[in-house]
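Colleague: Could you take a close look at one part of this model for me? I'd like the overall setting as well, starting with the charges and ending at a single acidic residue.

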Amino acid sequence: MLRWGLIGASRIASSYIIDAMRAQEGAEVLSVLSSDQKRGERFASENRINDSYTDLDSLLADDRVNAVYISTTNEKHHAQALAAIAAGKNVLCEKPLAMALTDACEMVKAAADKGVTFATNHHLRNAGTHLAIKDLITSGRIGNVLSARVFHAVNLPEHLRGWRINDAAAGGGVIPDITVHDADTIRFHLDEDPVEVVAKAGTSGMGEGVEDSVMSVWSMPSGAMVQTHESFTHGFAGTGIEFHGTEGSIFARNVMTQEPVGAIRLVDANGETPVDYKNHNLYHRSLGLFTNAVAGTGHPSADGVDGIKSLAVALAVREAAQTGKLTPVNYGGF
Ligand code: NDP
């Protein structure tokens with residue numbers, strides 16, 4: 001039974017995660033940390049949470065709290081995770097795990113040394129659509145995968161702009177925000193890690209000192225090639241992912257999303273077939289697997305190493321875009 005402390009009075013917590021925590025039998029959300037007392041108190045009251053703190057040590061000192069969810073801005077994840085781990089709490093941390101790879105590695109190693117569960121909140125691998133796509137690939141329905149394409153260019157809603165578009169120090173930019181998710185999703189489907197990347201990034205009307213658009217190409221150990229496009233400025237593009245193999249192709253549309261929606265088609269020598277999927281809540285599944293992992297009966301949907309690796313790919317994409325060079329992905333020994 002998990003008794004949660006929330007580190008961060010964030011929108012993702014109030015719109016998806018608190019509900020997913022409470023959907024797990026016996027779970028409670030006991031407290032929230034905010035850097036602003038009034039915001040914290042308002043957040044606590046709006047979300048039916050008893051305790052609100054402005055001091056992390058006070059939240060962590062509550063022995064009833066056995067798990068924390070970190071959803072502050074990205075530059076804060078590292079120090080907050082290390083403190084929570086040192087206090088013996090299980091940690092579900094938002095992506096990107098940290099700003100620097102060494103920091104992410106330190107978090108994951110600290111959790112392993114302390115013997116607590118540590119997971120990364122990559123939601124897409126919990127979607128019924130992505131589980132169905134993975135089934136098609138692993139059961140050989142498209143043969144050997146030759147290439148993949150990810151379309152993840154969206155219109156960042158007004159209420160989410162803030163630090164994402166104007167604060168590099170807080171981890172803003174489309175690469176830490178969306179490329180990390182695409183890296184995790186590709187790794188999930190292909191079961192291998194990108195080796196090298198090339199990329200081009202820029203601003204197309206929204207980014208103020210951070211990139212709001214990026215395109216990249218990744219090479220995989222199998223020889224497959226991956227092409228991705230992430231943006232904050234595309235109002236009408238829609239999202240999607242495609243896998244093309246020696247025996248068929250998978251076309252999935254509107255699936256790079258937090259909602260259990262989208263459509264999948266398999267095209268092969270027999271023609272075109274729509275693919276069914278389960279439309280459960282993505283975050284409920286993620287929180288369920290995290291809860292089981294803490295209880296010792298399973299593995300989180302995306303663990304700490306998955307978080308390190310998605311960050312590693314995103315950092316390589318950013319470096320490649322800045323240098324204009326083919327860039328190897330450094331996984332920090334993981
Ligand atoms: P928010 O901007 O809603 O919250 C981030 C921080 O901003 C909060 O911790 C809070 O600080 C501060 N804040 C919140 N509201 C205000 C306000 N009105 N005025 C000033 N400051 C405010 O961020 P998100 O929820 O969008 O993202 C948080 C984290 O979650 C990020 O790491 C992001 O990458 C990740 N994320 C993950 C998603 C997923 O599906 N996995 C989806 C969306 C985000 P304080 O806590 O000090 O009060």
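Modeller: On charges, the protein carries 28 positive and 39 negative side chains, and the centres of those two sets sit 2 Å apart. Keep in mind that this is a predicted model. As for the surface those charges share, the protein exposes about 14,100 Å², with carbon and sulfur atoms supplying 48% of it. Turning inward, 54% of the 334 residues count as buried.

The overall form goes like this: the C-alpha trace spans about 60 × 40 × 40 Å along its principal axes. A compact globule of 334 residues would have a radius of gyration near 20 Å, and the protein has 20 Å, so the two agree. The fold is built from 10 helices and 15 strands. Take the contacts between residues at least 6 apart in sequence: 68% of them join residues at least 24 apart.

Now for the acidic residue you're after, Asp177. You'll find Asp177 in helix H8, which runs over residues 174–190. Its relative accessible area is 9%, and since buried means under 20%, Asp177 is therefore buried. What does Asp177 touch, leaving aside its neighbours within four places in sequence? The answer is Lys95, Arg164 and Phe232. With Arg164 there's a further detail: a polar contact of 3.0 Å links its side chain to that of Asp177. So, to put the close-up together, Asp177 is a buried residue of helix H8 whose side chain has a polar contact with the side chain of Arg164.

Definitions and conventions
Residues are numbered from 1 along each chain as its sequence is written. This is a predicted model: local features need pLDDT of at least 70, side-chain atom pairs count only at pLDDT 80 or more; totals for chains, interfaces and linings use all residues. Side-chain values use heavy atoms; hydrogens and water are left out. Helices (H or I, at least four residues) and strands (E, at least two) are DSSP runs, numbered from the N terminus. Buried means under 20% relative accessible area, exposed over 50%, partly exposed in between (1.4 Å probe, protein chains only). A polar contact is a pair of N or O atoms within 3.5 Å; within protein, one must be able to donate a hydrogen and the other to accept it, and residues adjacent in sequence count only if both atoms are side-chain atoms. Contact means heavy atoms within 4.5 Å. The radius of gyration is taken over C-alpha atoms; the globule rule is 2.2 Å times the number of residues to the power 0.38. Accessible areas come from the Shrake-Rupley method with a 1.4 Å probe; for residues, only the protein chains shown count as cover. Lys and Arg count as positive and Asp and Glu as negative; His and the chain ends are not counted. The place of a charge is taken as NZ of Lys, CZ of Arg, CG of Asp or CD of Glu.
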